[in-house]
Amino acid sequence: MNNRIALISANQYKEPYPVYPLGIAYLKSYLLKRLPMCQFDTLDMNIISIDQLIHYIKTNQPAAICISMRNIDCFCNTNKNRFFDYYKELIKTIKSATNRPIIIGGPAFSIYPEVFMQKLDVDYGIKGEGEELLYRTIEAIVNGSSCTYTQADGNSELYSKKTQQHCNSKWIDSPSVVFESNLVDYYWHNSGIMSLQTKRGCPFNCIYCTYPINYGRKVRTVDIDSIIESIKEAKERYGINYWFFTDPVFNIANDYNIKLTQAIIDNKLNISWGSYFSPTDITDEQMAIYKKSGLKHIEFGTESFCDQTLEEYGKWYTFSDILRTSNLALKYNIHYLHTLLLAGYGDSQKRVLETIENSKKLSHTALFAFVGLRIYPNTVLQERAILEGMIDKNDNLFEHKVYIHKDFDLERTRKAASKTGKAWIFDHTSQMTFNSDNVGPKWECLIKP
Ligand code: B12
Ligand code: SF4
């Protein structure tokens with residue numbers, strides 16, 4: 001059997017900037033250690049053309065073709081930029097060049113595994129953390145057997161078209177990553193930032209979110225030495241000095257965070273970094289260490305400045321936490337933005353106006369407002385939207401559905417926001433871009449006092 005395995009990153013979306021195919025980078029590192037007899041070829045659809053991909057497949061006939069599907073759509077409140085048809089076409093074209101098994105996975109697949117398996121002509125799909133089950137599946141393909149691996153404590157699941165078989169996997173102990181020079185070159189030069197995970201899993205229960213459902217509530221931290229090694233190597237080999245830690249929320253497992261950031265300081269890595277934070281659970285001492293280790297910007301996934309709405313959304317903090325944490329960032333001169341999800345479940349117009357009024361109490365920030373909450377399968381929001389008669393209980397939510405409070409008045413909201421004199425920005429993720437000259441996010445210039 002041919003020992004080549006194709007790892008394809010299907011993503012071609014470049015807003016707010018092209019993002020390194022991190023899923024493939026973690027999978028490849030895991031697979032290289034466990035299947036040394038195989039050769040893993042990374043094919044990134046941001047970098048190569050479909051003709052080049054097909055040429056590669058026809059020439060090499062890899063034993064398995066693994067496709068990473070990151071986005072299902074652009075997140076905008078329209079049906080523009082849906083990527084499913086592109087994925088379907090991509091698979092059709094690949095199948096015209098080979099009959100080798102196709103395995104799919106990634107964040108988009110993990111949200112809609114059943115629909116993808118039903119609508120796409122593929123052999124396997126892996127939901128959630130992919131490392132262990134992909135390794136077991138490829139091993140079985142190479143050995144001509146079938147994957148029967150089952151461990152109950154993880155959330156990952158293997159879907160198989162032929163056998164209807166369903167396997168689970170445990171969480172892996174310590175994810176690690178490999179960066180590849182041609183990819184680094186492209187992403188570093190086209191985005192000005194590189195990505196890395198420091199932890200997986202989220203213990204929270206925000207009513208609209210799929211992350212804990214697909215990637216687990218148990219927080220699993222990445223080995224600090226391996227992060228330091230990755231950053232050091234990327235700096236020495238490629239001159240990379242600006243990182244985005246792609247954890248769903250950075251400031252959980254704070255003892256670990258202190259050890260990690262202290263190690264960045266002790267190793268004199270001299271980098272800048274940013275991440276998603278929740279607007280609570282940071283002490284002055286912690287912020288001081290983060291700052292010293294290079295923290296330059298924070299994206300607070302705040303979502304509302306109204307306490308009742310925060311409670312409805314399943315958040316665990318209040319506006320006074322938000323104020324305190326924002327002021328802490330300000331004290332250490334760390335640029336920060338807040339994202340806000342207006343008019344979601346329970347966020348009546350009165351509460352939206354309270355959020356806008358409260359924004360006056362914050363200073364030196366940018367406020368990125370999005371309207372409504374996207375309804376994803378298996379979430380509490382889905383249950384509530386069904387109860388309210390907003391969606392049908394049999395709706396698989398594959399078509400874009402957004403929960404928008406019936407009271408919501410966009411014009412009134414925009415006017416009230418503009419009167420505050422604060423940097424309110426509505427629905428413009430493209431403004432969250434990075435400077436390609438590696439000096440940080442472009443939104444920093446939108447900040448108003
Ligand atoms: C950090 C992040 C960002 C950052 C990225 C920063 C950076 N420099 O990398 C920013 C803010 C820029 C961003 C932007 C966007 N994002 Co985003 N982002 C995330 C987040 C929180 C983490 C992604 C990440 O890096 N994960 C770490 C890697 C290691 O994990 P992974 O890719 O999931 O890979 C694992 C598994 O999925 C699996 N796997 C992956 N590939 C494969 C392939 C095979 C064959 C197999 C078997 C398994 C497998 O194994 C991997 C290892 O365990 C996710 C949340 C989530 N639920 O994943 C959203 C998420 C991926 N983003 C999403 C979206 C929509 C977007 C945007 C389109 C939003 C917008 N309009 O701006 C853009 C698109 C960016 C682009 N150019 O493609 C959605 C995608 C699904 C959807 N709804 O379409 C997610 C899931 C959020 C959500 N809940 O909706 N994002
Ligand atoms: S929205 Fe963020 S904090 Fe809330 S459950 Fe999802 S990942 Fe966790």
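These legends accompany several close-up views of a predicted model.

**View 1. The chain is assigned two domains**. Start here to get your bearings in this predicted structure. Domain 1 covers residues 4-169, and domain 2 covers residues 192-446. If you take the C-alpha centre of domain 1 and that of domain 2, they lie 28 Å apart. Keep both domains in mind, as they return in the next view.

**View 2. Ligand 1 lies between domain 1 and domain 2**. Why is ligand 1 said to lie between the domains? Domain 1 (4-169) and domain 2 (192-446) both give residues to the shell around ligand 1, so the ligand has a place between them. In total, 43 residues surround ligand 1. If you would like a few to look for, the closest are G23, S68, G105, G130 and S195.

**View 3. Helices and strands contribute to the shell around ligand 1**. Three helices, α1 (22-34), α4 (107-111) and α6 (131-143), each supply at least two residues of this shell. The strands β3 (64-68) and β4 (102-105) likewise each supply at least two. What is the chemical make-up of the shell? Its residues divide into 24 nonpolar, 13 polar and six charged.

**View 4. Ligand 2 has its own set of surrounding residues**. Around ligand 2 you will find the cysteines C202, C206 and C209, together with F204, Y211, P212, P248, V249 and G301. How many residues of the shell around ligand 2 are nonpolar, polar or charged? Eight are nonpolar and one is polar, while no charged residue takes part.

**View 5. I193 sits in a loop and is buried**. The loop to look for runs between α7 (181-191) and β8 (194-196). Is I193 buried or exposed? I193 has 25 C-beta neighbours inside 10 Å, and therefore counts as buried; the cut-off for that class is 20 or more. Y242 makes a helpful landmark here: I193 and Y242 are 49 residues apart in sequence, yet their C-alpha atoms are 5.2 Å apart in space.

**View 6. Seven strands form an open sheet with parallel pairing**. Following the sheet across, the order is β8-β11-β12-β13-β14-β15-β18. Its edge strands are β8 and β18 (423-426), each of which pairs on one side only. From one strand to the next, the twist averages 20°.

**View 7. Strands β15 and β18 run parallel**. Four bridges join β15, made up of residues 366-371, to β18. To find one of these pairings, look for F368, whose bridge partner in β18 is I425.

How values were computed
Residues numbered from 1 in each chain as written. Chains lettered and ligands numbered in written order. Predicted model: local features only at pLDDT ≥ 70, side-chain atom pairs only at ≥ 80, totals over all residues. Near = placed C-beta within 6 Å. Nonpolar A, V, L, I, M, F, W, Y, C, P; charged D, E, K, R; others polar. Domains from an automatic or database assignment. Buried ≥ 20, exposed ≤ 12 C-beta atoms within 10 Å, placed from the backbone. Pairing = 2+ DSSP bridges. Axes fitted to C-alpha atoms, helices over the stretch in contact; angles between N-to-C directions.
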